[in-house]
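Q: I am new to reading protein structures, and I would like to start with one small spot. Please take a close look at a single residue with me, and then widen the view.

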Amino acid sequence: MTQLSAEQAYQLENVQGAQLDVLRQQACDVRDAHWGKVMTYSRKVFIPLTNMCRDECKYCTFVQRPDSGNAQIMTPMQVLSIVKQGQQMGCKEVLISLGEKPELRYREARQMLAKLGFSCMVDYVVDICTLILKETDLLPHVNAGTMDGAEFAKLKAVSASMGMMLETVSERLLAKGQAHFACPDKVPATRLATIVSAGEHQVPYTTGILVGIGETWKERVDSLIKINELHRQFGHIQEVIVQNFCAKGDTQMAAFPEPSLDDMLRTLAVARLILDPSISLQAPPNLQHRYKDYIASGINDWGGISPLTKDFINPERAWPQIAQLAQATSESGYQLQERLTAYPDFLTQPAYFEPVIMQRLKLHCRQDGLAEQQFIEQSRSTPKTSHQFESTTLYRVAL
Ligand code: SF4
């Protein structure tokens, strides 16, 4: 089946019922032809390096202003302590996530950074990645937001992959009263320029869309089309996340309607049919628990899941037990397997990695590019929160 054009996708806004089922089956056929009967996840630890940010997204509960008393930059010792625990629990990826350029807006951020010996966050991220590579076996994946070419060059030397959600190409959402008002880093042209720069620097890149923040269906389709165009140009998009907006108390969008399940399933199917089949399609399993419906809409990946740290961007949404996901995946006819932060297709292309990173990737990957050591928690009958995973027994799955 050929990929959907923008015009074809625009027509699918209201598709539902039996027609939606047909669309989802088409997406599954494309997924199965390229990815087979395997669904993947990456076993990771989540490092929220700083919760300060110069932007003011109206749905965000992660960000803290310096005068709140909760703003912080994690120290190298704090980071290392978590990463080492993650290593003991079979994690291979360190997701380093941070607010956008807080030092450009807040004096307190500059002071905290100066105490650590740095004048900009990206240089501190480089230092943290270097420390992780030196002291542990894990692979850094960096989400540092909008960046220029020089910043990509520095971070490529010390990380296996990077990412930034495009979220949307809608300029309308920058207006007063909209989700991205007062967010200089959410200007679509700036985010697209970042994705271009990642392509120019041959960085395996993760991006995605945020569904339901006020964008129209056409704008949603246009965002996916744009991502696909950039992948055609550079070949560097390894995965696209389709993430549903979640309304949170204490935000300006607390009463904003969340996308319906049908809206998500329609968007997932259309994403699968717009994007090149080689781009992994991911939906976060902690933001919606209809695992089988998602699988039946064309996804092939559950993203990063941590047995140790919570999702600091959505702290109220615990990660599912990996055993639970494995079961739902298996009942849908697929096998859950652990991948690395860089996808198999990229591991055969040395230009995407510095030699030291390639060496580390080889340490962890088996012949097909997925993780050599496949870990999964044993299922227990009583439900647990993500924090209770620490006591969970690990065993290596024979595949
Ligand atoms: S969503 Fe990201 S960019 Fe927006 S305010 Fe929160 S941390 Fe900053």
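Where along the chain is the place of Gln202?

A: Happy to help! What you see is a predicted model, where local features need pLDDT of at least 70 and side-chain atom pairs count only at pLDDT 80 or more, while totals for chains, interfaces and linings use all residues. Residues are numbered from 1 along each chain as its sequence is written.

Gln202 sits in the loop between helix 7 and strand 5 (205–211). Helices (DSSP H or I runs of at least four residues) and strands (E runs of at least two) are numbered from the N terminus. The backbone of Gln202 has a positive phi of about 50°, although Gln202 is not a glycine. Most residues other than glycine have a negative phi. Gln202 has 18 other C-beta atoms within 10 Å, and therefore counts as partly exposed. In that scheme, 20 or more other C-beta atoms within 10 Å make a residue buried, 12 or fewer make it exposed, and anything in between is partly exposed; the C-beta atoms are placed from the backbone.

Asp250 gives you another residue to look at in this way. Its phi is near 65°, again positive in a residue other than glycine. Asp250 belongs to the loop between strand 6 and helix 9, and with 6 other C-beta atoms within 10 Å it is exposed. Gly249 lies in the loop between strand 6 (237–244) and helix 9 (261–274), and Gly249 is exposed because it has 8 C-beta neighbours inside 10 Å. The C-alpha atom of Gly249 is 32 Å from that of Cys91, and 158 residues separate the two along the chain.

Now let us return to helix 7, on one side of the Gln202 loop. Helix 7 (residues 188–200) and helix 8 (residues 217–234) have axes that come within 10 Å and cross at roughly 25°. Such axes are lines fitted to C-alpha atoms, for helices over the stretch in contact, with angles from 0 to 180 degrees between N-to-C directions. Helix 7 and helix 8 are therefore roughly parallel to each other. Angles under 35 degrees count as roughly parallel, over 145 as roughly antiparallel, 65 to 115 as roughly perpendicular, and the rest as oblique. Helix 7 brings Leu192, Ile195, Val196 and Gly199 to this contact, and helix 8 brings Lys226, Leu230, Gln233 and Phe234. Sorted by class, the contact of helix 7 with helix 8 holds five nonpolar, two polar and one charged residues.

Other helices can be read with these tools. The axes of helix 5 (residues 121–135) and helix 6 (residues 149–156) come within 9 Å and cross at roughly 15°, so helix 5 and helix 6 are roughly parallel to each other. On the helix 5 side, Val122, Val125 and Val126 make the contact, and on the helix 6 side Glu151, Lys154 and Leu155 do. The classes in the contact of helix 5 with helix 6 are four nonpolar, no polar and two charged residues.

Helix 5 also packs against helix 3 (residues 76–88), at an angle of about 40° and with the axes 10 Å apart. That makes helix 3 oblique to helix 5. Here Pro76, Val79, Leu80 and Val83 in helix 3 meet Ile128, Leu131, Ile132 and Glu135 in helix 5. By class, the contact of helix 3 with helix 5 has seven nonpolar, no polar and one charged residues.

Two more residues show how the chain folds back on itself or stretches out. Glu354 lies in the loop between helix 12 (344–347) and helix 13 (355–364), and it is partly exposed with 14 C-beta neighbours inside 10 Å. Glu354 and Ala157 are 197 residues apart in sequence, yet 5.8 Å apart from C-alpha to C-alpha. Leaving aside its neighbours within four places in sequence, Glu354 is in contact (C-beta atoms, placed from the backbone, within 7 Å) with Lys156 and Ala157. Leu347, found in helix 12, is buried, with 20 other C-beta atoms within 10 Å. Beyond its neighbours within four places in sequence, Leu347 is in contact with Ala342, Leu361, Cys365 and Gly369. Leu347 is 27 Å from Ser223, C-alpha to C-alpha, and 124 residues from it in sequence.

Key. Contact = placed C-beta atoms within 7 Å. Nonpolar A, V, L, I, M, F, W, Y, C, P; charged D, E, K, R; others polar.
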